[in-house]
Amino acid sequence: MGYLVGVTVLWAFSFSLIGVYLAGQVDSYFAVLLRVTLAMLVFLPFLRPSLLRGKQRLALMALGAVQLGIMYTFFYQSFLLLSVPEVLLFTIFTPVYIALLDDLMFGRFTPIYLVTALLAVLGAGVIRYDGVDSGFWLGFLVVQGANLCFAIGQVGYRRLAADLPPTLPWHNIFGWFFVGAMVIALPAFLLFGNTAALPTTSLQWGVLAWLGLVASGLGYFAWNQGATKVDAGTLAIMNNALIPAGLVVNLVIWNRDADIARLVLGAAIMATSLWLNHWWLRRRAISVA
C-alpha cells in the first residue's frame with residue numbers, strides 16, 4: 001500500500017506538468033519516446049536476462065508495450081483535446097475496466113457495470129454542458145483508451161507476478177517492461193512525430209527528464225510492485241486516488257480560476273457511479289459468502 005500511496009503523490013504533479021509545459025508545445029510522440037527511453041536507461045544497468053525464460057520476457061515486454069507505450073500515446077493526445085482537470089476526472093473509469101477484465105477472464109457478465117459507466121458519462125457531460133463539442137467527446141474517448149491500456153497492464157502484471165518466484169529481484173528484470181514500451185514509442189515517433197515541435201527551453205527538457213527518470217522510471221516500478229502486494233479492490237480504489245490528488249495540485253497551483261462548482265458537480269456524479277460499482281461488488285461478495 002505504501003508503494004501506491006507514494007506513487008499517487010508523485011503522479012499528482014505529472015498531469016499538470018504535461019498540461020502546462022508540454023501539451024501543444026512539444027510533440028507528444030517525442031515526449032512519449034523520451035520518457036520511455038529515460039525510464040529504460042534507469043533499469044538497463046540492472047538487467048539480468050537469465051532470470052526469465054523467453055516467454056516470460058516477452059510477456060513482460062508486452063505488458064510494457066500496452067501499459068506504457070500505447071497508454072502514453074493515448075494519454076498525451078488527450079491533453080490536446082481536454083483540460084488537465086477533465087483528463088483527471090475521466091480516468092475514473094479505470095477501476096471499472098479492471099472489474100470488466102476480471103469478468104472476461106472468468107467468463108461472466110455483470111450488467112451493473114454498464115449502468116455505472118452511463119452514469120459516469122452523464123457526469124462528464126455536466127462538466128462541459130455549455131460547450132460539449134466533437135473535440136470534447138473525442139478527448140473523452142482518447143482518455144478511455146489510455147485507461148483501458150493501464151488497466152490491462154495492471155491486471156496482466158499481477159497475473160505474471162503470481163506465476164513467478166516471490167523472491168525474484170524485480171529490479172533485475174523490470175528493464176524488459178520499458179524495452180516493450182520502446183517497441184511502441186520509437187515507431188510511433190518515426191511515423192507520426194513532428195521534428196519541428198521538439199523542446200526549445202531548458203524548462204521543457206527538465207520537465208521531460210523528471211517525467212522520464214522519476215515519474216516513469218521509478219514510478220511505474222513502484223506502482224506495479226504495489227499492485228502485486230494488495231488485493232484487486234484496493235488496487236481499484238488507488239487508481240482513483242490520483243484524481244483528487246491531481247485536481248488539488250492543478251487547481252491550487254496552476255488553475256485557480258477554474259469553474260470549481262461545475263467540476264465538483266460532475267466529479268460527484270462520476271464518484272456516485274464508482275460508489276454504485278463498489279456497492280454492487282460488496283453485495284455480490286456477501287451473497288456468494
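In this predicted model, the count of aromatic pairs comes to 26. One of them joins Tyr 29 and Phe 192. Their ring centres lie 5.8 Å apart, and the planes meet at 35°. The pair is tilted, because its angle falls neither under 30 degrees, as for stacked rings, nor over 60, as for edge-to-face rings. Tyr 29 belongs to helix α2 (residues 28-43). Phe 192 belongs to helix α8 (residues 175-192). The two residues are 163 apart in the chain, and the pair thus links distant parts of it.

The two partners differ in burial. Tyr 29 has a relative accessible area of 19% and is buried, because the limit for that class is under 20%. Phe 192, at 55%, is exposed, because its value is over 50%.

The largest nonpolar core holds 88 residues. Within this core, Phe 75 and Tyr 220 touch the most other members. With residues up to four places away in sequence left out, Phe 75 touches Phe 15, Ile 18, Val 87 and Ala 146. In soluble globular proteins, nonpolar side chains tend to be buried together.

Nonpolar residues also occur on the surface. Val 5, Val 9, Phe 13, Val 248, Val 252 and Ile 253 form a nonpolar patch there. Together they have about 510 Å² of accessible area. Helices α1 (2-21) and α10 (232-254) each give two or more residues to the patch. Ile 253 is placed in helix α10. The relative accessible area of Ile 253 is 45%. Ile 253 therefore counts as partly exposed, because this value lies between the 20% and 50% limits.

Terms used:
Residues are numbered from 1 along each chain as its sequence is written. This is a predicted model: local features need pLDDT of at least 70, side-chain atom pairs count only at pLDDT 80 or more; totals for chains, interfaces and linings use all residues. Side-chain values use heavy atoms; hydrogens and water are left out. A nonpolar core is a set of buried Ala, Val, Leu, Ile, Met, Phe, Trp, Tyr and Cys residues joined through side-chain atoms within 4.5 Å. Buried means under 20% relative accessible area, exposed over 50%, partly exposed in between (1.4 Å probe, protein chains only). Contact means heavy atoms within 4.5 Å. Patches are made of residues with over 30% relative accessible area and no salt bridge: like charges are joined within 9 Å, nonpolar side chains (Val, Leu, Ile, Met, Phe, Trp, Tyr) within 5 Å. Accessible areas come from the Shrake-Rupley method with a 1.4 Å probe; for residues, only the protein chains shown count as cover. A salt bridge is a side-chain nitrogen of Lys or Arg within 4 Å of a carboxyl oxygen of Asp or Glu. Helices (H or I, at least four residues) and strands (E, at least two) are DSSP runs, numbered from the N terminus. Rings of Phe, Tyr and Trp (its six-membered ring) pair if their centres lie within 6.5 Å; planes under 30 degrees apart count as stacked, over 60 as edge-to-face and the rest as tilted.
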